[in-house]
Amino acid sequence: ILESTSGQARNLIQFLFYSGVRTGEVIALRWQHVNLELGIVRIIRSISAEKESSTKSGVERTLKLLPKAIEALRDQENYTKHLNGFVFHDPKKGERWQDDQAIRKKAWHPAIRKSGVGYRKPYQTRHTYATLLLMGGEDQRFVANQLGHRSLEMINRHYGRVLPDKNNPQNYKLRNNWSSFEDADYHEKAK
């Protein structure tokens with residue numbers, strides 16, 4: 001999908017895939033909430049059908065960005081940073097995206113068609129992001145926080161199938177190197 005688009009549309013789609021933000025949140029993202037030196041963005045607002053409001057869960061969050069999300073923002077700086085407003089713009093209008101339907105029609109649908117990938121909704125970029133993190137071994141609480149979920153319930157319900165099966169030792173990777181546990185020094189320090 002990413003290889004099938006370029007410019008601001010590619011930056012937008014790449015950011016969606018590697019940040020897990022909702023479409024309304026990406027529309028509302030402003031440069032003042034981006035810190036590329038620290039690799040974070042603050043998600044505090046959402047825009048839907050021209051109406052700006054709080055995020056879906058009503059909770060502001062700070063995202064730790066993956067390198068590909070930072071890459072998309074660094075390229076996007078060339079297009080909109082000097083305007084000191086919204087990060088992502090509709091390239092045809094030169095202003096922020098109107099709503100999620102405009103993103104679908106002008107950026108998402110053309111990229112999907114050109115890529116040859118079967119149709120999926122832009123919202124599925126959130127699922128891709130979550131799956132990448134979980135399959136990469138990231139803590140479920142971190143992933144839930146990044147997505148703006150208040151509990152692990154949504155993570156377990158939607159992504160349980162990609163989580164390591166703790167009942168099957170061959171599918172579970174230990175998080176720690178337990179070889180030092182047998183070490184005499186370890187037992188001495190534990191006393």
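Guide: A residue counts as buried when its relative accessible area is under 20%, and as exposed when that value is over 50%. The model shown here is predicted. In its protein chain of 191 residues, 40% count as buried.

Visitor: How many helices and strands are there in the protein chain?

Guide: The chain has 8 helices and 7 strands. Of the contacts in the chain with a separation of 6 or more, 52% are between residues 24 or more positions apart.

Visitor: Let us take a sheet. In what order do the strands E1, E2 and E5 stand, and what is the sense of the pairing?

Guide: Strands of a sheet pair through backbone hydrogen bonds, and the pairing can be parallel or antiparallel. Here 3 strands make an open sheet, ordered E1-E2-E5, with antiparallel pairing. E1 (34-35) and E5 (61-64) are the edge strands; each has a single partner strand, so one side of each has no neighbour in the sheet.

Visitor: How many bridges join E1 to E2, and how many pair E2 with E5?

Guide: E1 and E2 (residues 40-43) are joined by 2 bridges, while E2 and E5 pair over 4 bridges. On the E1 side, Asn35 has Ile40 as its bridge partner in E2, and Val34 has Val41. On the E5 side, Val41 is partnered by Leu63 and Arg42 by Thr62.

Visitor: Which residue takes a positive phi in the hairpin of E1 and E2?

Guide: Gly39 does, with a phi near 70°; the hairpin has 4 residues between its strands.

Visitor: Which side chains of E2 are buried, and which are not?

Guide: In a regular strand, side chains alternate between the two faces of the sheet. E2 shows this alternation: Val41 and Ile43 point to one face and are buried, whereas Ile40 and Arg42 point to the other and are not. E5 likewise has a covered face, formed by Arg61 and Leu63, and an uncovered one, formed by Thr62 and Lys64.

Visitor: Where is Val34 placed, and does it count as buried or exposed?

Guide: Val34 lies in strand E1. Its relative accessibility is 14%, and it therefore counts as buried. Beyond its neighbours within four places in sequence, Val34 is in contact with Leu29, Ile40, Val41, Leu73 and Val87. Its C-alpha is 9.8 Å from that of Ile70, a residue 36 positions away in sequence.

Visitor: Which residues have the most contacts inside the largest nonpolar core?

Guide: In soluble globular proteins, nonpolar side chains tend to be buried together. The largest nonpolar core here holds 28 residues, and Phe15, Val26, Val41, Leu73 and Phe88 have the most contacts inside it. At least two residues of this core come from each of helix H1 (7-19), helix H2 (23-28), E2, helix H3 (67-80) and helix H4 (100-115). A second, separate core has 9 residues, among them Ala130, Ala144, Ile155 and Tyr159.

Visitor: What is Val41 in contact with, leaving aside its neighbours within four places in sequence?

Guide: Its contacts are Phe15, Leu29, His33, Val34, Arg61, Thr62, Leu63, Leu65 and Leu73.

Visitor: How many cavities of 30 Å³ or more does a search of the whole structure find?

Guide: Rolling a probe the size of a water molecule over the atoms shows where empty space is left. The search finds 1 cavity of 30 Å³ or more, and the volume of the largest cavity is about 30 Å³. Glu25, Ala28, Leu29, His33, Arg42, Ile43, Ile44 and Arg45 line this cavity. H2 and E2 are the elements that give two or more residues to the lining. By class, the lining has 4 nonpolar, 1 polar and 3 charged residues.

Visitor: One last residue. In which helix is Phe142 found, and why does it count as partly exposed?

Guide: Phe142 is in helix H6 (residues 140-147). The partly exposed class runs between the limits of 20% and 50%. Phe142 counts as partly exposed because its relative accessibility is 27%. Apart from its neighbours within four places in sequence, Phe142 is in contact with Lys64 and Leu133; Lys64 belongs to the uncovered face of E5. The C-alpha atoms of Phe142 and Leu152 are 9.7 Å apart, with their positions 10 residues apart along the chain.

Conventions:
Residues are numbered from 1 along each chain as its sequence is written. This is a predicted model: local features need pLDDT of at least 70, side-chain atom pairs count only at pLDDT 80 or more; totals for chains, interfaces and linings use all residues. Side-chain values use heavy atoms; hydrogens and water are left out. Buried means under 20% relative accessible area, exposed over 50%, partly exposed in between (1.4 Å probe, protein chains only). Contact means heavy atoms within 4.5 Å. Two strands pair if DSSP finds at least two bridges between them. A nonpolar core is a set of buried Ala, Val, Leu, Ile, Met, Phe, Trp, Tyr and Cys residues joined through side-chain atoms within 4.5 Å. On a 1 Å grid over the protein atoms alone, a cavity is a set of points where a 1.4 Å probe fits but cannot get out, and a pocket is an open set with protein on both sides within 12 Å along at least five of seven lines; lining residues have an atom within 4 Å of a point. Grid points are joined across faces, edges and corners, and a volume is the space filled by probe spheres set on the points. Ala, Val, Leu, Ile, Met, Phe, Trp, Tyr, Cys and Pro count as nonpolar, Asp, Glu, Lys and Arg as charged, and the others, Gly among them, as polar.
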